[in-house]
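Reader: Please show me the model, and let me ask how its labels were arrived at.

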Amino acid sequence: MPRYAFKIEYDGGPFAGWQRQADQPSVQGAVEAALAKLEPGPHTIAAAGRTDAGVHATGQVAHADLTKDWDPFRLSEALNYHLRPAPVAILACARVEDEFHSRFSAQERRYLFRLVQRRAPVTHDRGLVWQVLNPLDIEAMREGAAHLIGHHDFTTFRSTMCQSNSPVKTLDEIRIESLDIPHGREVRFHLRARSFLHNQVRSIVGTLERVGAGSWPPERVGEALAARDRAACGPVCPPQGLYLSAVGYPHDPFA
């Protein structure tokens, strides 16, 4: 059975997350239903990351085994036709080796979190960003974020429902950029690691927002990390600003 990899973009707002659920819409369910229109029967696809309800993706990667030998371009076009009107798009499709696995072959994952700071409500980006009203100190947030780079026990920034075997992870990068927008500012948090814990990114961004707002000194982020206690974490920010932006492999299947 030939194996195909898909690069997928989606708006997570209408979905209860990536993972298929019996009684709620999911991104996995939408893609599998589209596949069933092309090859009748049940389909199971695996993804690089199981994004939560409301979380978006611009570079999710999944794979599936099919019975027919498809031209990748025609397969992506057919899937996009059957995915309509769901806010899910196949950006690229590639035939891959049987050993390729979208989750287990991944060497890194990148997340983007978009935060908008302004008084007026967002309109065009409603549901796609987290809006805060208070001004933010970008340099203070960068100083706080520096405490989290490297190999650490991230228990403080881990959901109590996380199923990972260990809270120890290596966070390779947190880059914070600031962009001027009409009557406000968009702050973008770029995070990169081999893998992340459940709610780790949202816990980190919510904590750094408190630093930017002046409620936390930057050094308190390091103290919270060292506490290895979920109670020491700042607020967990909402999901609508979070995007799975890229997944890295030893060889890019879409190159």
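Author: What follows is a set of questions about the terms used for this model, with the values behind them.

Reader: What kind of model is this, and which residues count?

Author: This is a predicted model, in which local features need pLDDT of at least 70 and side-chain atom pairs count only at pLDDT 80 or more, while totals for chains, interfaces and linings use all residues. Residues are numbered from 1 along each chain as its sequence is written, and side-chain values use heavy atoms, with hydrogens and water left out.

Reader: What makes the pair Asp69 and Arg95 a salt bridge?

Author: A salt bridge is a side-chain nitrogen of Lys or Arg within 4 Å of a carboxyl oxygen of Asp or Glu. For Asp69 and Arg95 the N to O distance is 3.2 Å, so the pair meets the rule. The rule gives a count of 14 salt bridges.

Reader: Why is the pair Asp69 and Arg95 said to tie together parts of the chain?

Author: Asp69 lies in the loop between β3 (56-65) and α2 (72-83) and Arg95 in strand β4 (residues 88-96), so the bridge joins parts that are 26 residues apart in sequence. The elements are DSSP runs numbered from the N terminus: helices are H or I with at least four residues, strands are E with at least two.

Reader: Why is Asp69 called exposed and Arg95 partly exposed?

Author: Buried means under 20% relative accessible area, exposed means over 50%, and partly exposed is in between (1.4 Å probe, protein chains only). Asp69 has 58% and is therefore exposed, whereas Arg95 has 46% and is therefore partly exposed.

Reader: How do you know that Glu108 and Arg192 form a salt bridge, and what parts does the pair tie together?

Author: The N to O distance between the side chains of Glu108 and Arg192 is 3.6 Å, and they meet in a salt bridge. Glu108 is in strand β5 (residues 108-117) and Arg192 in strand β9 (residues 184-193), so the tie is between parts 84 residues apart in sequence. Arg192 is partly exposed at 21%. Both residues belong to a network of salt bridges that links Glu108, Arg110, Glu173, Arg175 and Arg192.

Reader: Are Asp125 and Arg114, which also meet in a salt bridge, buried or partly exposed?

Author: Asp125 has 25% relative accessibility, so it counts as partly exposed; Arg114 has 11%, so it counts as buried. Their bridge has an N to O distance of 3.0 Å. The pair links Asp125 in the loop between β5 and β6 (130-132) with Arg114 in strand β5, 11 residues apart.

Reader: Why are α3 and α4 called oblique?

Author: The axes of helix α3 (residues 138-145) and α4 cross at roughly 135° and come within 8 Å. Angles under 35 degrees count as roughly parallel, over 145 as roughly antiparallel, 65 to 115 as roughly perpendicular and the rest as oblique. α3 and α4 are therefore oblique to each other. The contact (heavy atoms within 4.5 Å) is made by Ala140, Met141, Gly144 and Ala145 of α3 and Leu208, Glu209, Val211 and Gly212 of α4.

Reader: What makes Asn199 buried, and what does its side chain meet?

Author: Asn199 has a relative accessible area of 17%, so it is buried. This residue is found in the loop between β9 and α4 (200-212). Its side chain makes a polar contact with the side chain of Arg202 at 3.5 Å. A polar contact is a pair of N or O atoms within 3.5 Å; within protein, one must be able to donate a hydrogen and the other to accept it, and residues adjacent in sequence count only if both atoms are side-chain atoms. Leaving aside neighbours within four places in sequence, Asn199 is in contact with Asp52, Phe157, Ser159 and Arg230.

Reader: What is notable in the phi of Asn199 and of Arg228?

Author: Asn199 has phi near 70°, a positive value in a residue other than glycine. Arg228 is not a glycine either, and has a positive phi of about 50°. Arg228 lies in the loop between α5 (219-227) and β10 (242-248) and, at 55%, counts as exposed.

Reader: Why is Leu83 called buried?

Author: Leu83 has 4% relative accessibility, so it counts as buried. Leu83 is in helix α2 and touches Ala30, Val31, Ala34, Val88 and Ile90, not counting residues up to four places away in sequence.

Key:
Axes are lines fitted to C-alpha atoms, for helices over the stretch in contact, and angles run from 0 to 180 degrees between N-to-C directions.
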